[in-house]
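User: I would like to learn how to read strand pairing, burial and helix packing from a structure. Could you take me through some cases, giving the general idea before each one?

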Amino acid sequence: MESTGFAHWLVMVVELSVAFVLLLLALAVVVLMATWVVDRNQTGNAVLRNFPVIGHFRYWFLHLGEFFRQYLYSSDREEMPFNRAQRTWVYRAAKDVDNTNAFGSSRDLRAEGVPFFVNAPFPDLGVDHVEPVPVTIGPHAREPYSHAAFFNISAMSFGALSAPAVRALSRGAAKAGIWMDTGEGGLAPYHLEGGCDIIFEIGTAKYGVRTPEGKLDDGKLLAICAHKQVKMVSIKLGQGAKPGMGGLLPGAKVTAEIAAIRGIPVGEDSQSPNRHLDIGNVSQLMDSIGHIRELTGKPVGFKAVLGGVEWIGELCDEVHRRGIESAPDFIIVDGSEGGTGAAPQTLMEGVGLPLHEALPALLDMLIVKGLRERIKVVCSGKCITAYDVAWALSIGADFVNSARGFMLALGCIQSLQCNRNTCPTGITTQNPKLQRGLVVTDKSERVYHYAKNVMKEVGIIAHSCGVSEPRQLNRGHCRVVGDDGLSIPLVKLFPYPQNESPAQAG
């Protein structure tokens, strides 16, 4: 009796399953037929019109190819913007695991542009790396800022980044003793949560410190700079990935919280102006720097991507007319290889000087104008490994910022979805379901380890070169491979201006 009931139940389940499968097949046939009709009769796409239905596979393969190439087909050194070898180095540094290799490097040491360092025959005994010493920024500000770490977190806005990502960066930065740049999206409580030093950035839309008309609100700026963690103020003129264009935050990312922090409407695309409304020339830039420094008491500088350095020369001349105390306390130079959440391909690939050209040009102009010691130089632009950072210090930078390096430390897999609110690692999305994957306590430790390991390995390079501090690296310590496969010293590729020695050049 029971076996008969079970058999009847089993037959019924099988029949229902078969009916369900047949229903799905019928629906699939209907969908395919409808798609065929639509494709055949539409006029906007020749491939779909000639090859209805199957033409869609082309777009699926184009989309999936990006991921197959990353994991299956590309070699360790082929991908852009960061290849697998670079990403693996960052991941291992962030996890604080053994980062040594066996049997030789997979890096082509004969490729044009590859830098390497000139080791000293008799380096000091006793240590395998050397520590940085503090550098003072803004000696004429009421609250000068002294900071030792030469590798810090570059500008990334809350809104472009998720709250868990900002919290992890803040906590990790505090533990590593590095600063964190807020980016142009205003100061969020998550920036302050970890207790790290903060560089507050004022973008062209003046998010967080704006009046309803988009002008600077002194009261709001004073309230932000009242936080002891806020050490400096940076005026953003532009960034490497999109010179001459303001930032864009898609409306899908503009939550009520982000809108309140920035001072913008909820759910609407937020496009920054392509420049500050009140800064249209060097004189107005100097006025703005002086006003903000006097108002807040903090060191003030600016961030820019360079298309040339003639205007920097004009700025230096204006400094000499007004007095040395009027100079910007720092300049952040961003290379055209810089990244962002969203930018037109034309600007990202075809406008602005890359860092390897912009950084020495800026430094040389400051040397010629006698302002190299007064104005500290920070650089950013694809510097994510120890030898990238050591190269920048050899050129003469005082500090090196990285954004994407720290994103990789957070777990970024370079899925290239920063602009879609669909980041699979929870870093650049405001989707709570995706943010859940980013565990702050775990990722903050990775941020800490990444920063410390980069600086430690730069210290190893400095020790190998025979100097007692990483910032003592100069253009004589680094060589770059030329187009003939042979290397030349940086000091010959970018000679110091006449009558200036490396030591005098800073």
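Analyst: What follows is a short walk through strands, a sheet and a pair of helices in a predicted model.

User: How do strands of a sheet pair in general, and in which sense do E11 and E12 pair?

Analyst: Strands of a sheet are paired through hydrogen bonds of the backbone, in either a parallel or an antiparallel sense. Here strand E11 (residues 330–334) pairs with E12 in the parallel sense over five bridges, and within that pairing Ile 331 lies opposite Val 377 of E12. E12 also pairs with strand E13 (residues 399–402), again in the parallel sense but over three bridges, with Val 378 opposite Phe 399 of E13.

User: How many residues of strand E12 are buried, and which residues lie on each of its faces?

Analyst: A residue is called buried when its relative accessible area is under 20%. In strand E12 (residues 376–380), five of the five residues meet that description, so the strand is largely enclosed by the rest of the structure. Both faces are covered, since Lys 376, Val 378 and Ser 380 are buried on one side, and Val 377 and Cys 379 are buried on the other. Strand E7 (residues 230–236) has six of its seven residues buried and is therefore also largely enclosed; strand E6 (residues 197–202) runs parallel to E7 and is joined to it by five bridges, with Phe 200 having Val 233 as its bridge partner.

User: What is the order of the strands in the open sheet that contains E14, and which strands stand at its edges?

Analyst: The three strands of this open sheet follow the order E1-E14-E15, and their pairing is antiparallel. Strand E1 (115–117) and strand E15 (487–489) are at the edges with a single partner strand each, so one side of each has no neighbour in the sheet. Ignoring direction, neighbouring strands here are turned by 35° against each other on average. Helix H13 (residues 386–395) packs on this sheet, where it touches E1 and E14, and its direction makes about 80° with that of E1.

User: At what angle do the axes of H5 and H16 cross, and which residues make the contact?

Analyst: The axes of helix H5 (residues 163–176) and helix H16 (residues 440–464) cross at roughly 45° and come within 7 Å, and the two helices are therefore oblique to each other. The crossing is right-handed. Among the residues making the contact are Pro 164, Arg 167 and Leu 169 of H5, together with Val 440, Glu 445 and Tyr 448 of H16. By character, the contact residues divide into ten nonpolar, three polar and six charged.

How values were computed
Residues numbered from 1 in each chain as written. Predicted model: local features only at pLDDT ≥ 70, side-chain atom pairs only at ≥ 80, totals over all residues. Heavy atoms only, no water. Axes fitted to C-alpha atoms, helices over the stretch in contact; angles between N-to-C directions. Helix = DSSP H or I, 4+ residues; strand = E, 2+ residues; numbered from the N terminus. Parallel < 35°, antiparallel > 145°, perpendicular 65-115°, else oblique. Left-handed = near helix turned anticlockwise from the far one by under 90°. Contact = heavy atoms within 4.5 Å. Nonpolar A, V, L, I, M, F, W, Y, C, P; charged D, E, K, R; others polar. Buried < 20%, exposed > 50% of the residue type's maximum accessible area, 1.4 Å probe, protein only. Pairing = 2+ DSSP bridges.
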